[in-house]
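Trainee: I have a model open and I'd like to learn how to read it. Could you walk me through it?

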Amino acid sequence: MKTAVLFCGARRTAYCQELLENSGFLLTQVRTAQEAGQTACLGQLLKQNRMVCAVGPSHSGRPSFGQPLFQALGVPLLDDSPQGVLVLQGNECSGWLVESREQAVALLPDKPEYLMQLLPQLWLRLRRKFHLQQAVNHAFSGKEQP
């Protein structure tokens, strides 16, 4: 699936990018942004893509960078947790999927071990939503993880 990636202060970008590519996502654009520029960058990416994966730092396994993005997308927050979005749940981590009729934005932690837990769930949801055919491959190219 054609997907843009927005790294929001992420640290392990090469490994995260590789995991996304190996999980069936065709990365059309890859951008980085610090907090001040995240919402503008997300808006630009959504103008050109049906899917955006926002990847950034986490706290206790949950993305900790999402508040400005949720506000820009009109997602209400209750105790810093987004309401009305799909929760992607791993053993030790979680992420969120904000969906509209034609587009989706995933907020994911930047640790490869967390992404490996969340990407199969994300892919299955998107596969149903957008009627995708591709299979998922979870392998790294052989690079050593940090």
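Mentor: Let's go through the sheet, its middle strands, the helices and the cores. Keep in mind that this is a predicted model.

Trainee: Fine. In what order do the strands of the open sheet come?

Mentor: To read a sheet, walk across it from one edge to the other. Here six strands make an open sheet in the order S2-S1-S3-S10-S9-S8, and the pairing is mixed. S2 and S8 (86–89) are the edge strands; each has a single partner strand, so one side of each has no neighbour in the sheet. From one strand to the next, the twist averages 20°.

Trainee: The pairing is mixed. Which strands does S10 pair with in the parallel sense, and which in the antiparallel sense?

Mentor: Take the pairs one by one and look for residues that face each other. S3 (residues 51–56) pairs with S10 in the parallel sense, over six bridges, and Gly56 sits opposite Pro109 of S10. On the other hand, S9 (residues 94–99) and S10 pair in the antiparallel sense over four bridges, with Leu97 opposite Ala106. S9 and S10 also form a hairpin, with four residues between them.

Trainee: And how many bridges join S1 to S3, or S8 to S9?

Mentor: Four bridges join S1 to S3, and those two run parallel; Phe7 stands opposite Val55 of S3. S8 and S9 are also joined by four bridges, but they run antiparallel. There, Leu86 stands opposite Leu97 of S9.

Trainee: Now the middle of the sheet. How many residues of S10 are buried?

Mentor: For a strand, check burial on each of the two sides. S10 (residues 104–109) has six of its six residues buried. Ala104, Ala106 and Leu108 point one way, Val105, Leu107 and Pro109 point the other way, and all are buried. S3 gives a similar reading: six of its six residues are buried, so S3 is largely enclosed by the rest of the structure. Met51, Cys53 and Val55 point one way from S3 while Val52, Ala54 and Gly56 point the other way.

Trainee: What about alanine 33: is it buried or exposed?

Mentor: Compare the relative accessible area with the cut-off: under 20% counts as buried. Alanine 33 has 10%, so it is buried. This residue belongs to strand S2. Leaving aside neighbours within four places in sequence, Ala33 is in contact with Leu6, Phe7, Cys8, Gly9, Gln38 and Cys41. The C-alpha atoms of Ala33 and Leu6 are separated by 7.1 Å, although these residues are 27 apart along the chain.

Trainee: On to the helices. At what angle do H1 and H4 cross?

Mentor: With a helix pair, look at distance, angle and handedness. The axes of H1 and H4 come within 10 Å and cross at roughly 20°. The two helices are therefore roughly parallel to each other, and H1 passes H4 in a right-handed crossing. The contact is made by Tyr15, Cys16, Leu19 and Leu20 of H1 and by Pro112, Leu115, Met116 and Leu119 of H4.

Trainee: Why would those positions be spaced like that?

Mentor: An α-helix has 3.6 residues a turn, so residues three or four places apart point the same way. In H1, the buried residues are Tyr15, Cys16, Glu18, Leu19 and Leu20. They pack against S1, S2 (26–33), S3 and H4. Just after H1, Gly24 takes a positive phi of about 105°.

Trainee: What does H2 lie across?

Mentor: Helix H2 (residues 38–48) lies across S1, S2, S3 and S10, and runs at about 175° to S1.

Trainee: Last topic: which residues touch the most other members of the largest nonpolar core?

Mentor: Nonpolar side chains tend to be buried together in soluble globular proteins. The largest core here has 27 residues, and Leu20, Phe25, Met51, Leu108, Leu119, Leu122 and Leu126 touch the most other members. S1 (2–8), H1 (13–22), S3, S10 and H4 (112–130) each supply at least two residues of this core. The largest share, eight residues, comes from H4. Apart from this core lies another one, of 19 residues, among them Cys41, Val52, Ala54 and Val85.

Trainee: And what does leucine 126 touch?

Mentor: Not counting residues up to four places away in sequence, Leu126 touches Met1, Phe25, Met51, Leu97, Ala104, His131 and Leu132.

Definitions and conventions. Residues are numbered from 1 along each chain as its sequence is written. This is a predicted model: local features need pLDDT of at least 70, side-chain atom pairs count only at pLDDT 80 or more; totals for chains, interfaces and linings use all residues. Side-chain values use heavy atoms; hydrogens and water are left out. Buried means under 20% relative accessible area, exposed over 50%, partly exposed in between (1.4 Å probe, protein chains only). Two strands pair if DSSP finds at least two bridges between them. A nonpolar core is a set of buried Ala, Val, Leu, Ile, Met, Phe, Trp, Tyr and Cys residues joined through side-chain atoms within 4.5 Å. Contact means heavy atoms within 4.5 Å. Axes are lines fitted to C-alpha atoms, for helices over the stretch in contact, and angles run from 0 to 180 degrees between N-to-C directions. Angles under 35 degrees count as roughly parallel, over 145 as roughly antiparallel, 65 to 115 as roughly perpendicular and the rest as oblique. A crossing is left-handed if the near helix is turned anticlockwise from the far one by less than a right angle, and right-handed if clockwise.
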